[in-house]
Amino acid sequence: DAAVWCGRARSVICRSIEASLSGLSPSHPSRRFSNSTVEEDTALVKKWCAYGAEGCDTTAWKTVLALVDNFVRLRRRGGEKKYFLQEEFQSVDVWGVPSSLAVILLSLWVHNTLTPHWGQIVDGGRSLSKALWGIIEFRFYHPLKDIVLDLLNRRPRMLDAYALLNEETSLDNMLKDMGLGDGTAASRAEAIAGASRLYEEELRSGALRGFFRGRMLRLLLIQVQQLKAGLLKAMDSIDDLVDSNRLNVQLLASIPAVLIVYFGTKLFFQSLFSLRTRELKFMPQVHSEMNEYLNKMDRCLLLANHETDRIAIQTADADIPEKRSQPSLNATASLFLQKHDLGEFMLFVHSYLYLLDYGSPPFPSRACDSIHASFQDMLLQGGLSTKRQLDLLTLVKSKHMALLKSI
């Protein structure tokens, strides 16, 4: 029994390795840091799978283990793609000298070239970090901080209310000492008008005489104090105007930050999807391709019932009533996906879920889980009729269209 089990396990491993290498050309290297080709490794694995003495040496076991470890690198689609010729370069040996020696020499050249300029590189990095922090502080931190302070009414005002009150009180007292007004805010306007008439009289009677008597100096000081109080009052009005529109200004200042975050997030998720799938596609294009797979599933389910329609037409044209009332076994069987239709349908499901999984994020994980659950319901073990599967596929399409909101 143990030998039978070992033979079956070897057979499963052999078929898995052959399937993983089927997308590569026979002369292509099958593993990293190895000169063996796909054809050589496939032949060695077949000998190992035969469970004979010829394929059970140390080399065969190491090859099989390396190929099994190599499963992690394989992709469900496009796994044979290479970037920057990395793997091809690592598998080339010139006159018996491994290509890793060229990598070491290149690293040494880069080190010797950058060492004299390392201080400048460090200074440039620090300057760049300061510039980035300045952008973050000016475009993100300060606008957000000001908006929060405005909402909490904790922003300090430009003018202190006590300063304006103090200057107005001082003006009222100076006018009262001149015999104008009673020193209150109610009589301030009348007192200021009276001070202006006295100032005009002093000018008509002679400016020098007024200076020697002292009244001209007191009137000038009253006008200076009036000017100070008027400026502070105007500043208080400006402060009220700025305070009432400060939140609007901060919201306008935060628009560049919102645009940077919005487009930066889209660019990040687009780059993440391209790195995952190793294909340069925009998310709307991916969504359109996924919609095409759903349409192909719909077509597959609709065409799976063409035998049922033909049998139903033949039964309707029959003259025997008993044949009309008794459903045909073939018609009942054709209500479900057959083997060839099921294989094609699962291929479309796999292609759709491949893009769905790698598109999350930006696709919401909850929506992706819901679509996965719908496909699981569509492929219940007991079997659903194609009509019910079409109804579930319509539900999947509605969920799929909702994914547009996230891109």
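These exercises work through a predicted model, each with a stepwise solution.

**Exercise 1. Take stock of the fold.**
State how many helices and strands the protein has, and what share of its residues is buried.

Solution.
- Step 1: The protein contains 18 helices and two strands.
- Step 2: Of its 407 residues, 29% are buried.
- Step 3: The accessible surface is about 27200 Å², and carbon and sulfur atoms hold 63% of that area.
- Step 4: Take the contacts with a separation of 6 or more. Residues 24 or more positions apart make up 65% of them.

**Exercise 2. Describe the largest nonpolar core.**
Find which residues have the most contacts inside the core, and which element gives the most to it.

Solution.
- Step 1: The largest nonpolar core counts 30 residues. M290, M297, Y352, L356, F363 and F375 have the most contacts inside it.
- Step 2: Two or more residues come from each of α12 (283–303), α16 (339–358), α17 (365–378) and α18 (386–402).
- Step 3: The top contributor is α16, with nine residues.
- Step 4: Now look at M290. Set aside its neighbours within four places in sequence. M290 then touches Y352, L355, L356, F363, H400 and L403.

**Exercise 3. Locate the nonpolar surface patch.**
Name the residues of the patch and the helix that gives the most to it.

Solution.
- Step 1: The patch consists of L106, W109, V110, L114, W118 and I121. Together they offer about 610 Å² of accessible area.
- Step 2: Helices α5 (100–114) and α6 (118–151) each give two or more residues.
- Step 3: Helix α5 gives the most, with four residues.
- Step 4: Check one member. V110 sits in α5. Its relative accessibility is 33%, so V110 is partly exposed.

**Exercise 4. Classify two aromatic pairs.**
Decide whether W48–W61 and Y262–F263 are stacked or edge-to-face.

Solution.
- Step 1: The model has five aromatic pairs.
- Step 2: The ring centres of W48 and W61 lie 5.3 Å apart, with planes at 85 degrees. Planes over 60 degrees apart count as edge-to-face, so this pair is edge-to-face.
- Step 3: W48 belongs to α2 (residues 38–49) and W61 to α3 (residues 58–69), so the pair links parts 13 residues apart in sequence.
- Step 4: W48 is buried, at 2% relative accessibility. W61 is partly exposed, at 37%.
- Step 5: Y262 and F263 are also edge-to-face, with 5.1 Å between centres and 80 degrees between planes. Y262 is partly exposed at 46%, and F263 is exposed at 51%.

**Exercise 5. Sort the salt bridges.**
Determine which elements hold K228 and E167, and which helix holds both D391 and K387.

Solution.
- Step 1: The whole structure has six salt bridges.
- Step 2: K228 pairs with E167, with 3.4 Å between the closest N and O atoms. K228 is in α10 (residues 215–253) and E167 in α7 (residues 161–177), so the bridge ties parts 61 residues apart in sequence.
- Step 3: K228 is partly exposed at 39% relative accessibility. E167 is buried at 14%.
- Step 4: K281 meets E289 at 2.6 Å, N to O. K281 is buried, at 14% relative accessibility.
- Step 5: D391 bridges to K387, with the closest N and O atoms 3.8 Å apart. Both lie in α18, four residues apart, about one turn of the helix.
- Step 6: D391 is partly exposed at 46%, and K387 is exposed at 57%.
- Step 7: E168, D172 and R188 form one network through salt bridges with shared partners.

Definitions and conventions
Residues numbered from 1 in each chain as written. Predicted model: local features only at pLDDT ≥ 70, side-chain atom pairs only at ≥ 80, totals over all residues. Heavy atoms only, no water. Patch = residues over 30% accessible without salt bridge, like charges linked within 9 Å, V, L, I, M, F, W, Y side chains within 5 Å. Areas by Shrake-Rupley, 256 points an atom, 1.4 Å probe, with all protein chains shown as cover. Salt bridge = Lys/Arg side-chain N within 4 Å of Asp/Glu carboxyl O. Buried < 20%, exposed > 50% of the residue type's maximum accessible area, 1.4 Å probe, protein only. Core = buried A, V, L, I, M, F, W, Y, C linked by side-chain atoms within 4.5 Å. Contact = heavy atoms within 4.5 Å. Phe/Tyr/Trp six-rings, centres within 6.5 Å; stacked < 30°, edge-to-face > 60°.
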